[in-house]
Amino acid sequence: MGVEVRVEGLSKSFGSQLIWGDVSLTLPAGEICVMLGPSGTGKSVFLKTLIGLLKPDKGHVHIEGVDIATCSERQLYEVRKLFGVLFQDGAMFGSMNLYDNVAFPLREHTKKSESEVRSIVMEKMEMVGLVGAERKLPGEISGGMRKRAGLARALVLEPEILLFDEPDSGLDPVRTAFLNQLIIDLNEMTQATCLIVTHDINTARTVPDNIGLLYHRHLAMFGPREMLLSSEEPVVRQFLNAQRIGPIGMSEEKDADELAAEADQELPPLPPIPIQQLPSSGVLRPTQRPPGQWCADNGVTPPPGSFASDVVTTQ
Ligand SMILES: Nc1ncnc2c1ncn2[C@@H]1O[C@H](COP(=O)(O)OP(=O)(O)OP(=O)(O)O)[C@@H](O)[C@H]1O
Ligand SMILES: [Mg+2]
């Protein structure tokens, strides 16, 4: 069963540069969340702060009664075992073959015999479609294969919390669709709490239970998928619909002149909210809400055409 991650008033700076401040959100146990944000807004820094690789300046990260921000190294070592992390660059050891890379956490953190290690490693390699590539070095395979090897390694300790830093960057659309399905199926199977950082709007619109958006040194919004997809808040609306009109410019915020020039342009209507992608079993995951439920519960009228089966994107 996944565990809840409760973030309270978190701030992180490097020197005098504030990356983000006062971030509060809860990753609900067993749910899938996506974190969006323009490049450089500190999404990777956020993931690293959640696992205690970076210390925040202020705030708390509560996981199973431990505050990652203030706990001892000993406690941190224990809490880290709850996590499986797929880093942005795969973070493979270049001199070790894929088998040894994937086996590494088991050899480091458990007392399992080599035959037990072998059966776990091969099970995960099969899950990500890498059987046959065990003896290859990370430098000898494609970026997509490295991502999948990173995913296999993230899974070997049966994590309660799975963090993915741009699992889909550098993957072709078909592989991205398979990877998304794999994450959804893994979540159904293990009920690990999942947080996916991505730039893929299609993934953000169809995969998660909740969406967050980091922008301009703060958390612009975090909440259920249908809440953000029906939101008229300008930054959320612009980002989730990949529009040029809105407060976000090519480099950070648009200036007053740019915004004034747009003021009389009509915004395109919000597109329909697609149905959330199902696991391969075809039934809702334990934490998945039926289509339209959040909107109905909150008296929000979704954009016309929402939740029609023909707006399910081709995943
Ligand atoms: N260890 C570090 N020391 C100093 N500055 C850092 C460090 N790590 C990250 N930064 C800075 O923090 C900011 C946010 O970086 P981060 O990698 O989290 O962005 P991101 O949102 O993940 O971007 P992208 O979408 O391109 O991956 C950047 O300005 C970066 O230079
Ligand atoms: Mg990043």
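Start with the open sheet of four strands, whose order is 2-1-4-5 and whose pairing is antiparallel. Colour its edges, strand 2 (17–27) and strand 5 (66–67): each has a single partner strand, so one side of each is left without a neighbour in the sheet. Keep in mind throughout that this is a predicted model.

Next, select residues 5–14, which make up strand 1. Strand 1 runs antiparallel to strand 2, and seven bridges join the two. To check the register, show Val7 and look across to strand 2, where Leu25 stands opposite.

**The ligand**

Now select ligand 1 and the residues around it. Which residues are around ligand 1? They are Phe14, Ile19, Gly37, Ser39, Gly40, Thr41, Gly42, Lys43, Ser44, Val45 and Gln88. Colour this shell by class: three of its residues are nonpolar, seven are polar and one is charged. Then display helix 1, residues 43–50, which supplies three residues, the largest share of the shell around ligand 1.

Two of the residues in this shell can be placed on the strands already selected. Phe14 belongs to the shell and lies in strand 1, residues 5–14. Ile19 is also in the shell, and its number falls within strand 2 (17–27).

**Strand 9 and its partners**

Go to residues 210–215, strand 9. Is this strand buried or exposed? Six of its six residues are buried, so strand 9 is largely enclosed by the rest of the structure. Turn on the side chains to see both faces. Asn210, Gly212 and Leu214 point one way, while Ile211, Leu213 and Tyr215 point the other way, and all are buried.

Add strand 3, residues 32–36, which pairs with strand 9 in the parallel sense over four bridges. One position to label here is Leu36, whose bridge partner in strand 9 is Leu213.

Then add residues 218–224, strand 10. Strand 10 runs antiparallel to strand 9, and six bridges join them. Label Ile211 and look for Gly223 of strand 10 opposite. Strands 9 and 10 form a hairpin with two residues between them. In the turn, select His216, which has a positive phi of about 50°.

**The two domains**

Colour the protein by its domain assignment: domain 1 covers 1–82 + 160–315, and domain 2 covers 93–158. The centres of the two domains, taken over C-alpha atoms, are 27 Å apart. Where they touch, seven residues of domain 1 are in contact with eight residues of domain 2. The domain 1 side of this contact has three nonpolar, two polar and two charged residues.

Stay with domain 2 and select helix 3, residues 98–109. Which residues of helix 3 are buried? Show Leu98, Tyr99, Asn101, Val102, Ala103 and Leu106. Their cover includes helix 4 (114–127) and helix 5 (143–155), so display those two helices as well.

**The whole chain**

Finally, zoom out. The protein has 11 helices and 10 strands. Its radius of gyration is 20 Å, close to the 20 Å that the globule rule gives for 315 residues, so the protein is as compact as a globular protein of that length. Viewed along its principal axes, the C-alpha trace spans about 65 × 50 × 40 Å.

Colour by burial to finish: 39% of the 315 residues count as buried. If contacts are drawn between residues at least 6 apart in sequence, 67% of them join residues at least 24 apart.

Definitions and conventions: Residues numbered from 1 in each chain as written. Chains lettered and ligands numbered in written order. Predicted model: local features only at pLDDT ≥ 70, side-chain atom pairs only at ≥ 80, totals over all residues. Near = placed C-beta within 6 Å. Nonpolar A, V, L, I, M, F, W, Y, C, P; charged D, E, K, R; others polar. Domains from an automatic or database assignment. Rg over C-alpha atoms; globule rule 2.2 N^0.38 Å. Buried ≥ 20, exposed ≤ 12 C-beta atoms within 10 Å, placed from the backbone. Pairing = 2+ DSSP bridges.
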